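Work through the exercises below with the structure open. Try each task before you read its solution.

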Amino acid sequence: MALDLSLHAPTLAAILGMALAVYLIRAAGLFLARRVTPSPWVEAFLAHLPGAMFVALVVPTVTAGGPLYIGAAAATLVSARLQAPLALSMAVGIGTLLVLRTVI
Amino acid sequence: MTPDNPPISFTRDGLVRGYVKTLPIAAGVAVFGMAYGLLAGQHGLSLAETGLMSALVFAGSSQMLALQLWDDPLPVAGIVLAAAIINLRYVIQTAALRPWLGPLRPTLSYVSVFFTADENWAVSIAEMRAGGRDAGFFLGSGLALWSFWLISGLAGRAFGGALPNPERLGLDFIGTAVFTALAGRMWRGRRDLLPWLAAGIAAVLGAHYLPGAWYLLIGGLAGSLIGAWRDTGGTVDGA
(Lines give C-alpha, C1' and ligand atoms only; values in the text may rest on other atoms or scores of the structure.)
Protein backbone atom coordinates (compact mmCIF):
# COMPACT_ATOMS: atom_id res chain seq x y z
CA MET A 1 0.00 0.00 0.00
CA ALA A 2 1.46 3.34 -1.10
CA LEU A 3 1.89 6.12 1.42
CA ASP A 4 -1.03 8.46 0.89
CA LEU A 5 0.26 11.86 1.95
CA SER A 6 -2.32 13.96 0.11
CA LEU A 7 -4.06 16.85 1.84
CA HIS A 8 -7.45 18.16 0.75
CA ALA A 9 -8.56 21.71 1.46
CA PRO A 10 -11.94 20.94 3.12
CA THR A 11 -10.40 18.16 5.23
CA LEU A 12 -7.57 20.47 6.24
CA ALA A 13 -10.08 23.18 7.16
CA ALA A 14 -12.02 20.73 9.33
CA ILE A 15 -8.84 19.51 11.05
CA LEU A 16 -7.49 23.00 11.74
CA GLY A 17 -10.92 24.21 12.87
CA MET A 18 -11.29 21.29 15.26
CA ALA A 19 -7.74 21.73 16.55
CA LEU A 20 -8.27 25.42 17.23
CA ALA A 21 -11.68 24.91 18.86
CA VAL A 22 -10.49 22.11 21.12
CA TYR A 23 -7.31 23.95 22.10
CA LEU A 24 -9.22 27.13 22.94
CA ILE A 25 -11.51 25.08 25.20
CA ARG A 26 -8.54 23.51 26.98
CA ALA A 27 -6.90 26.91 27.44
CA ALA A 28 -10.17 28.55 28.51
CA GLY A 29 -10.50 26.35 31.60
CA LEU A 30 -7.03 27.31 32.81
CA PHE A 31 -7.58 30.95 31.87
CA LEU A 32 -10.92 31.17 33.66
CA ALA A 33 -9.77 29.26 36.74
CA ARG A 34 -7.32 32.05 37.46
CA ARG A 35 -10.06 34.66 37.36
CA VAL A 36 -13.61 33.52 38.10
CA THR A 37 -15.50 30.87 40.05
CA PRO A 38 -18.28 29.32 37.91
CA SER A 39 -21.82 29.57 39.29
CA PRO A 40 -23.32 26.31 40.61
CA TRP A 41 -25.64 26.28 37.62
CA VAL A 42 -22.79 26.50 35.11
CA GLU A 43 -20.87 23.84 37.00
CA ALA A 44 -23.89 21.50 37.01
CA PHE A 45 -24.51 22.16 33.31
CA LEU A 46 -20.90 21.34 32.38
CA ALA A 47 -20.93 18.25 34.57
CA HIS A 48 -23.97 16.89 32.73
CA LEU A 49 -22.74 17.78 29.25
CA PRO A 50 -20.43 14.86 28.37
CA GLY A 51 -22.88 12.15 29.40
CA ALA A 52 -25.76 13.86 27.63
CA MET A 53 -23.65 14.26 24.48
CA PHE A 54 -22.67 10.60 24.40
CA VAL A 55 -26.29 9.54 24.90
CA ALA A 56 -27.43 11.90 22.15
CA LEU A 57 -24.80 10.46 19.84
CA VAL A 58 -25.55 6.82 20.51
CA VAL A 59 -29.32 6.54 20.94
CA PRO A 60 -30.51 7.58 17.44
CA THR A 61 -27.91 5.31 15.78
CA VAL A 62 -28.76 2.36 18.00
CA THR A 63 -32.54 2.69 17.68
CA ALA A 64 -32.20 3.08 13.90
CA GLY A 65 -29.94 0.00 13.82
CA GLY A 66 -32.67 -2.28 15.17
CA PRO A 67 -32.44 -5.29 17.53
CA LEU A 68 -28.87 -6.21 16.50
CA TYR A 69 -27.50 -2.80 17.41
CA ILE A 70 -29.60 -2.64 20.57
CA GLY A 71 -28.22 -6.01 21.71
CA ALA A 72 -24.63 -5.05 20.90
CA ALA A 73 -24.99 -1.66 22.62
CA ALA A 74 -26.48 -3.32 25.72
CA ALA A 75 -23.51 -5.71 25.93
CA THR A 76 -21.07 -2.79 25.52
CA LEU A 77 -22.87 -0.87 28.24
CA VAL A 78 -22.80 -3.79 30.68
CA SER A 79 -19.06 -4.33 30.11
CA ALA A 80 -18.39 -0.62 30.68
CA ARG A 81 -20.40 -0.71 33.90
CA LEU A 82 -18.27 -3.67 35.00
CA GLN A 83 -15.21 -1.39 34.67
CA ALA A 84 -13.88 -3.12 31.56
CA PRO A 85 -11.15 -1.10 29.81
CA LEU A 86 -12.32 0.87 26.77
CA ALA A 87 -10.69 -1.53 24.33
CA LEU A 88 -12.38 -4.55 25.91
CA SER A 89 -15.78 -2.85 25.88
CA MET A 90 -15.35 -2.16 22.17
CA ALA A 91 -14.43 -5.79 21.56
CA VAL A 92 -17.48 -6.94 23.53
CA GLY A 93 -19.79 -4.71 21.49
CA ILE A 94 -18.36 -5.71 18.13
CA GLY A 95 -18.18 -9.37 19.14
CA THR A 96 -21.82 -9.34 20.26
CA LEU A 97 -22.88 -7.74 16.98
CA LEU A 98 -21.03 -10.41 14.99
CA VAL A 99 -22.56 -13.23 17.03
CA LEU A 100 -26.05 -11.75 16.66
CA ARG A 101 -25.54 -11.32 12.90
CA THR A 102 -24.61 -14.98 12.62
CA VAL A 103 -27.41 -16.26 14.83
CA ILE A 104 -30.30 -14.06 13.71
CA MET B 1 6.90 28.48 52.19
CA THR B 2 6.86 25.59 54.65
CA PRO B 3 8.42 22.13 54.27
CA ASP B 4 4.87 20.67 54.13
CA ASN B 5 3.99 22.85 51.21
CA PRO B 6 6.92 23.04 48.80
CA PRO B 7 6.49 25.18 45.70
CA ILE B 8 5.36 23.72 42.41
CA SER B 9 8.30 22.66 40.27
CA PHE B 10 8.65 21.53 36.68
CA THR B 11 11.46 19.05 36.23
CA ARG B 12 12.67 16.56 33.68
CA ASP B 13 12.32 13.84 36.32
CA GLY B 14 8.67 14.71 36.79
CA LEU B 15 8.15 14.63 33.06
CA VAL B 16 9.73 11.19 32.71
CA ARG B 17 7.77 9.84 35.67
CA GLY B 18 4.50 11.12 34.19
CA TYR B 19 5.36 9.50 30.86
CA VAL B 20 6.23 6.12 32.40
CA LYS B 21 3.23 6.04 34.75
CA THR B 22 0.86 6.65 31.84
CA LEU B 23 2.35 4.01 29.52
CA PRO B 24 -0.11 1.18 30.41
CA ILE B 25 -3.08 3.46 29.85
CA ALA B 26 -1.56 4.82 26.66
CA ALA B 27 -1.14 1.26 25.38
CA GLY B 28 -4.85 0.63 26.00
CA VAL B 29 -5.79 3.83 24.22
CA ALA B 30 -3.70 2.69 21.24
CA VAL B 31 -6.41 0.13 20.42
CA PHE B 32 -8.87 2.97 20.19
CA GLY B 33 -6.30 4.83 18.05
CA MET B 34 -6.11 1.91 15.63
CA ALA B 35 -9.90 1.93 15.38
CA TYR B 36 -9.80 5.65 14.65
CA GLY B 37 -7.20 5.16 11.91
CA LEU B 38 -9.23 2.36 10.37
CA LEU B 39 -12.39 4.47 10.38
CA ALA B 40 -10.47 7.46 8.96
CA GLY B 41 -9.43 5.27 6.03
CA GLN B 42 -13.02 4.15 5.47
CA HIS B 43 -14.02 7.81 5.21
CA GLY B 44 -11.32 8.59 2.67
CA LEU B 45 -8.81 10.46 4.84
CA SER B 46 -5.23 10.15 3.62
CA LEU B 47 -2.45 8.92 5.90
CA ALA B 48 -1.20 12.49 6.31
CA GLU B 49 -4.67 13.78 7.17
CA THR B 50 -5.26 10.95 9.63
CA GLY B 51 -2.00 11.72 11.45
CA LEU B 52 -2.44 15.48 11.31
CA MET B 53 -5.85 15.23 12.96
CA SER B 54 -4.47 13.06 15.76
CA ALA B 55 -1.46 15.31 16.31
CA LEU B 56 -3.33 18.61 16.30
CA VAL B 57 -6.78 17.78 17.67
CA PHE B 58 -5.67 15.03 20.09
CA ALA B 59 -9.20 14.25 21.26
CA GLY B 60 -10.40 10.73 20.52
CA SER B 61 -14.10 11.32 20.98
CA SER B 62 -14.04 14.47 18.79
CA GLN B 63 -12.12 12.68 16.07
CA MET B 64 -14.46 9.68 16.04
CA LEU B 65 -17.42 12.01 16.09
CA ALA B 66 -16.00 14.01 13.17
CA LEU B 67 -15.70 10.78 11.17
CA GLN B 68 -19.29 9.84 11.99
CA LEU B 69 -20.35 13.19 10.56
CA TRP B 70 -17.98 12.91 7.57
CA ASP B 71 -19.92 13.45 4.36
CA ASP B 72 -19.64 14.86 0.87
CA PRO B 73 -19.63 17.87 0.81
CA LEU B 74 -17.83 18.01 4.12
CA PRO B 75 -19.93 19.73 6.84
CA VAL B 76 -16.89 21.63 8.20
CA ALA B 77 -18.83 24.00 10.47
CA GLY B 78 -20.94 21.19 11.92
CA ILE B 79 -17.87 19.04 12.58
CA VAL B 80 -16.00 21.87 14.29
CA LEU B 81 -19.06 22.80 16.35
CA ALA B 82 -19.64 19.18 17.40
CA ALA B 83 -15.94 18.78 18.30
CA ALA B 84 -16.16 21.89 20.46
CA ILE B 85 -19.39 20.87 22.18
CA ILE B 86 -18.27 17.35 22.98
CA ASN B 87 -15.09 18.71 24.57
CA LEU B 88 -16.61 21.46 26.70
CA ARG B 89 -15.85 19.24 29.67
CA TYR B 90 -12.18 20.19 29.23
CA VAL B 91 -13.06 23.64 30.55
CA ILE B 92 -13.70 22.13 33.99
CA GLN B 93 -10.91 19.59 33.67
CA THR B 94 -8.17 22.11 32.89
CA ALA B 95 -9.56 24.47 35.51
CA ALA B 96 -8.95 21.69 38.02
CA LEU B 97 -5.26 21.61 37.00
CA ARG B 98 -4.78 25.15 38.25
CA PRO B 99 -2.71 24.15 41.34
CA TRP B 100 -0.05 22.74 39.00
CA LEU B 101 -0.36 24.89 35.89
CA GLY B 102 -1.22 28.18 37.59
CA PRO B 103 2.24 28.85 39.06
CA LEU B 104 4.12 27.95 35.85
CA ARG B 105 5.37 30.41 33.26
CA PRO B 106 2.39 31.22 30.99
CA THR B 107 4.09 29.68 27.92
CA LEU B 108 4.75 26.42 29.72
CA SER B 109 1.26 26.21 31.22
CA TYR B 110 -0.46 26.98 27.91
CA VAL B 111 1.69 24.39 26.12
CA SER B 112 0.99 21.79 28.82
CA VAL B 113 -2.75 22.37 28.64
CA PHE B 114 -2.76 21.33 24.96
CA PHE B 115 -2.11 17.76 26.12
CA THR B 116 -5.28 17.48 28.20
CA ALA B 117 -7.20 14.26 27.54
CA ASP B 118 -9.44 12.28 29.88
CA GLU B 119 -6.90 9.55 30.63
CA ASN B 120 -3.79 11.61 31.40
CA TRP B 121 -5.90 14.19 33.17
CA ALA B 122 -7.21 11.47 35.52
CA VAL B 123 -3.70 10.10 36.17
CA SER B 124 -2.35 13.59 36.86
CA ILE B 125 -5.19 14.63 39.15
CA ALA B 126 -4.59 11.45 41.15
CA GLU B 127 -0.87 12.31 41.41
CA MET B 128 -1.73 15.88 42.41
CA ARG B 129 -4.16 14.72 45.11
CA ALA B 130 -1.48 12.32 46.40
CA GLY B 131 0.68 15.37 47.08
CA GLY B 132 2.68 15.57 43.85
CA ARG B 133 4.26 19.01 43.36
CA ASP B 134 6.00 18.48 40.02
CA ALA B 135 3.91 19.90 37.17
CA GLY B 136 6.24 18.20 34.68
CA PHE B 137 4.27 15.03 35.46
CA PHE B 138 1.25 16.36 33.59
CA LEU B 139 3.17 17.18 30.42
CA GLY B 140 4.95 13.80 30.54
CA SER B 141 1.67 12.01 31.01
CA GLY B 142 0.15 13.95 28.12
CA LEU B 143 3.11 13.19 25.86
CA ALA B 144 2.75 9.47 26.58
CA LEU B 145 -0.86 9.50 25.50
CA TRP B 146 -0.19 11.82 22.55
CA SER B 147 2.65 9.71 21.12
CA PHE B 148 0.69 6.44 21.39
CA TRP B 149 -2.43 8.09 20.01
CA LEU B 150 -0.60 9.46 16.98
CA ILE B 151 1.32 6.29 16.14
CA SER B 152 -1.65 3.95 16.63
CA GLY B 153 -3.86 6.15 14.44
CA LEU B 154 -1.26 6.06 11.66
CA ALA B 155 -0.88 2.30 12.05
CA GLY B 156 -4.65 1.77 11.87
CA ARG B 157 -4.83 3.91 8.75
CA ALA B 158 -1.84 2.24 7.07
CA PHE B 159 -2.67 -1.40 7.79
CA GLY B 160 -6.41 -1.38 8.47
CA GLY B 161 -7.18 -1.05 4.76
CA ALA B 162 -5.99 -4.60 4.26
CA LEU B 163 -9.06 -5.84 6.17
CA PRO B 164 -12.08 -7.09 4.21
CA ASN B 165 -15.69 -5.82 4.27
CA PRO B 166 -16.05 -3.78 7.48
CA GLU B 167 -19.64 -4.94 8.06
CA ARG B 168 -18.56 -8.58 8.07
CA LEU B 169 -16.08 -7.75 10.83
CA GLY B 170 -18.61 -5.67 12.76
CA LEU B 171 -16.46 -2.58 12.30
CA ASP B 172 -19.47 -0.45 11.37
CA PHE B 173 -20.19 -0.59 15.10
CA ILE B 174 -16.84 0.85 16.25
CA GLY B 175 -18.01 4.44 16.75
CA THR B 176 -21.19 3.40 18.51
CA ALA B 177 -19.27 0.95 20.71
CA VAL B 178 -16.79 3.64 21.78
CA PHE B 179 -19.46 6.14 22.76
CA THR B 180 -21.66 3.53 24.42
CA ALA B 181 -18.66 2.44 26.49
CA LEU B 182 -17.76 6.04 27.34
CA ALA B 183 -21.35 6.72 28.35
CA GLY B 184 -21.37 3.59 30.52
CA ARG B 185 -18.22 4.73 32.30
CA MET B 186 -19.65 8.20 32.75
CA TRP B 187 -22.86 7.05 34.44
CA ARG B 188 -22.89 8.44 37.99
CA GLY B 189 -26.05 6.75 39.23
CA ARG B 190 -29.73 7.57 39.40
CA ARG B 191 -29.22 11.32 39.20
CA ASP B 192 -28.12 10.85 35.59
CA LEU B 193 -31.36 9.12 34.63
CA LEU B 194 -33.46 12.24 33.97
CA PRO B 195 -30.83 14.15 31.95
CA TRP B 196 -29.91 11.04 29.95
CA LEU B 197 -33.54 10.26 29.16
CA ALA B 198 -34.04 13.86 28.06
CA ALA B 199 -30.90 13.71 25.91
CA GLY B 200 -31.93 10.42 24.30
CA ILE B 201 -35.50 11.48 23.54
CA ALA B 202 -34.47 14.91 22.24
CA ALA B 203 -31.77 13.31 20.07
CA VAL B 204 -34.14 10.76 18.53
CA LEU B 205 -36.70 13.48 17.79
CA GLY B 206 -33.94 15.73 16.43
CA ALA B 207 -32.56 12.99 14.20
CA HIS B 208 -36.06 12.43 12.85
CA TYR B 209 -37.09 16.03 12.20
CA LEU B 210 -33.88 18.03 11.77
CA PRO B 211 -31.14 17.89 9.10
CA GLY B 212 -27.49 16.95 9.68
CA ALA B 213 -25.99 16.75 13.15
CA TRP B 214 -28.37 19.12 14.91
CA TYR B 215 -29.78 16.19 16.86
CA LEU B 216 -26.48 16.00 18.69
CA LEU B 217 -26.61 19.59 19.85
CA ILE B 218 -30.32 19.36 20.70
CA GLY B 219 -29.85 16.15 22.68
CA GLY B 220 -26.74 17.31 24.52
CA LEU B 221 -28.29 20.64 25.42
CA ALA B 222 -31.63 19.13 26.47
CA GLY B 223 -29.91 16.66 28.82
CA SER B 224 -27.52 19.14 30.43
CA LEU B 225 -30.11 21.92 30.73
CA ILE B 226 -32.57 19.64 32.48
CA GLY B 227 -29.80 18.20 34.68
CA ALA B 228 -28.49 21.63 35.68
CA TRP B 229 -32.04 22.93 36.26
CA ARG B 230 -32.86 19.93 38.48
CA ASP B 231 -29.54 20.04 40.40
CA THR B 232 -29.84 23.71 41.26
CA GLY B 233 -33.42 23.45 42.45
CA GLY B 234 -35.13 24.77 39.35
CA THR B 235 -33.54 28.20 39.38
CA VAL B 236 -31.26 29.43 36.65
CA ASP B 237 -28.82 31.27 38.95
CA GLY B 238 -28.58 28.36 41.40
CA ALA B 239 -29.76 30.51 44.31
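**Exercise 1. Place the cis bond.**
Find where B:P73 sits in chain B, and say which residue a cis peptide bond joins to B:P73.

Solution. Start with the helices of chain B. B:P73 falls in the loop between α3 (60-69) and α4 (76-86). Now check the peptide bond. The partner is B:D72, and omega is about 0°. This is a predicted model, so treat every value here as computed.

**Exercise 2. Two positive phi angles.**
Decide for A:Q83 and for B:F58: buried or exposed?

Solution. Step one: the backbone. A:Q83 has phi near 70°, and B:F58 has phi near 45°. Neither residue is glycine.
Step two: the location. A:Q83 lies in the loop between α2 and α3 (86-103) of chain A. B:F58 lies in the loop between α2 (47-57) and α3 of chain B.
Step three: accessibility. Exposed means over 50% and buried means under 20%. A:Q83 has 67% relative accessibility, so A:Q83 is exposed. B:F58 has 3%, so B:F58 is buried.

**Exercise 3. The largest nonpolar core.**
Work out which members touch the most others, and why the core lies between two domains of chain A.

Solution. The core has 79 residues. B:M64, B:W70, B:I174 and B:F179 touch the most other members. Helix α2 (residues 40-81) of chain A gives the most to this core, with 17 residues. Next, the domains. Domain 1 (8-37) and domain 2 (41-104) of chain A both supply residues, so the core lies between them.
Now look at B:F179. Beyond its neighbours within four places in sequence, B:F179 contacts residues of chain A and chain B. Those from chain A are A:F54, A:L57 and A:V58. Those from chain B are B:S61, B:M64, B:L65 and B:I86.

**Exercise 4. Two pockets.**
For the largest pocket, find which residues are closest to its centre. For the second largest pocket, find which element gives the most to the lining.

Solution. Take the largest pocket. Its volume is about 1,200 Å³. It is lined by 47 residues, and B:R89, B:Q93, B:D118, B:W121 and B:M186 are the closest to its centre. By class, the lining has 30 nonpolar, eight polar and nine charged residues.
Turn to the second largest pocket, with about 410 Å³ of space. Of its 19 lining residues, A:V55, A:V58, A:V59, A:L77 and B:W196 are the closest to its centre. The element that gives the most is α2 of chain A, with eleven residues. This lining divides into 15 nonpolar, three polar and one charged.

How values were computed: Residues are numbered from 1 along each chain as its sequence is written. Chains are lettered from A and ligands numbered from 1 in the order in which they are written. This is a predicted model: local features need pLDDT of at least 70, side-chain atom pairs count only at pLDDT 80 or more; totals for chains, interfaces and linings use all residues. Side-chain values use heavy atoms; hydrogens and water are left out. A nonpolar core is a set of buried Ala, Val, Leu, Ile, Met, Phe, Trp, Tyr and Cys residues joined through side-chain atoms within 4.5 Å. Buried means under 20% relative accessible area, exposed over 50%, partly exposed in between (1.4 Å probe, protein chains only). Helices (H or I, at least four residues) and strands (E, at least two) are DSSP runs, numbered from the N terminus. Domain bounds come from an automatic or database domain assignment. Contact means heavy atoms within 4.5 Å. On a 1 Å grid over the protein atoms alone, a cavity is a set of points where a 1.4 Å probe fits but cannot get out, and a pocket is an open set with protein on both sides within 12 Å along at least five of seven lines; lining residues have an atom within 4 Å of a point. Grid points are joined across faces, edges and corners, and a volume is the space filled by probe spheres set on the points. Ala, Val, Leu, Ile, Met, Phe, Trp, Tyr, Cys and Pro count as nonpolar, Asp, Glu, Lys and Arg as charged, and the others, Gly among them, as polar.
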